[in-house]
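Thank you for asking me to look over this entry. My remarks are set out below for someone meeting it for the first time.

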Amino acid sequence: MTKPRLSRNSLATLAAGITAPAYDRGAVSAGIVHLGIGAFHRAHMAVYVDDLLADDPSWGIVGASLRRPDTKEALEPQDGLYTIAVRDAAGTHPRVIGSILSVMDANSQREDLLALMADPAIRIVSLTVTEKGYCHDPANGELDEKHPDIVHDLAHPGAPKSAPGMLVEALARRKAAGIAPFAVMSCDNLPNNGQTAKRIVTRLAALRSPELGQWVGNVAFPSTMVDRIVPSTTDADRAEIAGLIGAEDAWPIMTEPFTQWVIEDHFPSGRPAFEKAGAQMVKDVEPFEHMKLRMLNGSHSTMAYAGYLGGYDYIAEVMGDGAYVKLIHGLMTEEVMPTLDMPGVELGAYRDQLLERFRNPALKHRTWQIAMDGSQKLPQRLLGTIRDRLKAGQGIERLALGVAAWMRYVTGVAEDGGEIDVRDPHALKMHAIAADAGDDPGALFDGLVALTEVFGTDLAENGAFRASVVNHLENLFDLGVRASVAKVVG
Ligand code: CS2
């Protein structure tokens, strides 16, 4: 028998014991617009908000996709409802979330979306548009004024394509109408994401007019550190969830038990009581962001490149290889932890918890998924730590292996000669560099390190950095990745 589609009407017929919104969804109104309504948002912020709507129904979320209409197509027939399934060794635990009132597709509904963002009821615009959605130079965090979407948005400010362009236009409309600005809350994995968003958006506004730039310069851009691992959903996941909840959900979200959200408490136009749902409200998020990007994401990216090249499809598989575990343990303990200043946080316990999360056998987290967009991720995940250590005259052996594995990965050729599907805004450029370098590790390094948007200018000139990465590249080409990892961990 086919199951009904998950929707308002089928809620009453869900399998016994499935948690679903206990508040009256009809009474919920929109207070938040979220740009980038991907799996991550639905496993994180939307869940915190779902926990709070019974207390204050004025904080419902309208999601928007800037690139593809697929989330709207999945959630519209479901009245915005979807399942979040927490997975661990003990099983899969589904819960239906109701905080997303509707989803808009920015391409076909741009004007409606801008009008909503300019509505006084919207007091927060949050974003998970991924690193590349900021249209910035990842090496220095400044707006990339030559980015095609930014060039477009300056020529057509009323019909912007980029996330910064949407924010500036909506803020400009609020300013013109005498409406207080919304707070812009970044939920992306960027260092100091609030300040970064503020720098980019204010610059774009100033390019439109100095006066607008000044006004936008006074908008609140609270930083947040978000943490939850969310692998992409597969058809097997869909089938499992339908069996568990007794309804078809076109896009359930699979995640881990762990969740953390650290938020800078700066919302002049109000905010939900996030702390009641477990978020940590703090004055300064930066140390937390730093810790997470270097420890979790730095390990993730290293495992993604070295793991993928070694034939491991999933992070849990990488964690089944003792040499890789030693590499990641050593990377965090010897090379990352000494660069962090986190009074009150037991870094050893944080590391052990991360290793445990990476081991979660029920989480099918692809190395290929994490490997995406490395040019945008490397600076904050590995290169910042490397800079700090080089400055202090300290070793970078494991971190440099992560960078070398990325360089080897973006050649697009796997160890067995097969093709790697490299997804990155600079994929073509990097492919051409690799083709020119042939199998000369030094030439590959020199070609890639010249990408100043990734490496800045300092690392290209650093002899210790070059020596270490090129040494690893030689091993990667001569011995293969598994032997290279084994060599480093002794
Ligand atoms: C991952 C992150 O895909 C990636 O690059 O490293 O999405 C990671 O799973 C999250 O940051 C965890 O909070």
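The points that follow deal with the ligand and then with a pocket.

1. Please keep in mind throughout that this is a predicted model. The residues around the ligand are Asn189, Val226, Asp227, Arg228, Ile229, Lys292, Asn297, His300, His365, Ile370, Lys377 and Arg381, and by class this shell has 3 nonpolar, 4 polar and 5 charged residues.

2. Polar side-chain atoms come up to oxygen atoms of the ligand in several places: one of Lys292 lies 2.6 Å from such an oxygen, one of Asn297 lies 3.0 Å from one, and for Lys377 the distance from a side-chain N or O atom to a ligand oxygen is 2.8 Å. The ligand taken alone exposes 340 Å², of which the protein buries 89%.

3. Two or more residues of the shell around the ligand come from each of β10 (224–227), α10 and α15, with α10 giving the largest share, 3 residues. Because domain 1 (11–282) and domain 2 (286–489) both contribute residues to this shell, the ligand lies between them.

4. The second largest pocket holds about 410 Å³ of space, and of its 21 lining residues Pro138, Ala139, Pro191, Pro379 and Gln380 are the closest to its centre. The lining divides into 7 nonpolar, 8 polar and 6 charged residues.

5. Which element gives the most to the lining of that second largest pocket? It is α15, with 6 residues, while α7 (193–208), α10 (286–309) and α15 (374–391) each supply at least two. Domain 1 and domain 2 each provide at least three residues of this lining.

How values were computed: Residues are numbered from 1 along each chain as its sequence is written. This is a predicted model: local features need pLDDT of at least 70, side-chain atom pairs count only at pLDDT 80 or more; totals for chains, interfaces and linings use all residues. Side-chain values use heavy atoms; hydrogens and water are left out. On a 1 Å grid over the protein atoms alone, a cavity is a set of points where a 1.4 Å probe fits but cannot get out, and a pocket is an open set with protein on both sides within 12 Å along at least five of seven lines; lining residues have an atom within 4 Å of a point. Grid points are joined across faces, edges and corners, and a volume is the space filled by probe spheres set on the points. Helices (H or I, at least four residues) and strands (E, at least two) are DSSP runs, numbered from the N terminus. Ala, Val, Leu, Ile, Met, Phe, Trp, Tyr, Cys and Pro count as nonpolar, Asp, Glu, Lys and Arg as charged, and the others, Gly among them, as polar. Domain bounds come from an automatic or database domain assignment. A residue is near a molecule or strand if one of its heavy atoms lies within 4 Å of it. A polar contact is a pair of N or O atoms within 3.5 Å; within protein, one must be able to donate a hydrogen and the other to accept it, and residues adjacent in sequence count only if both atoms are side-chain atoms. Accessible areas come from the Shrake-Rupley method with a 1.4 Å probe; for residues, only the protein chains shown count as cover.
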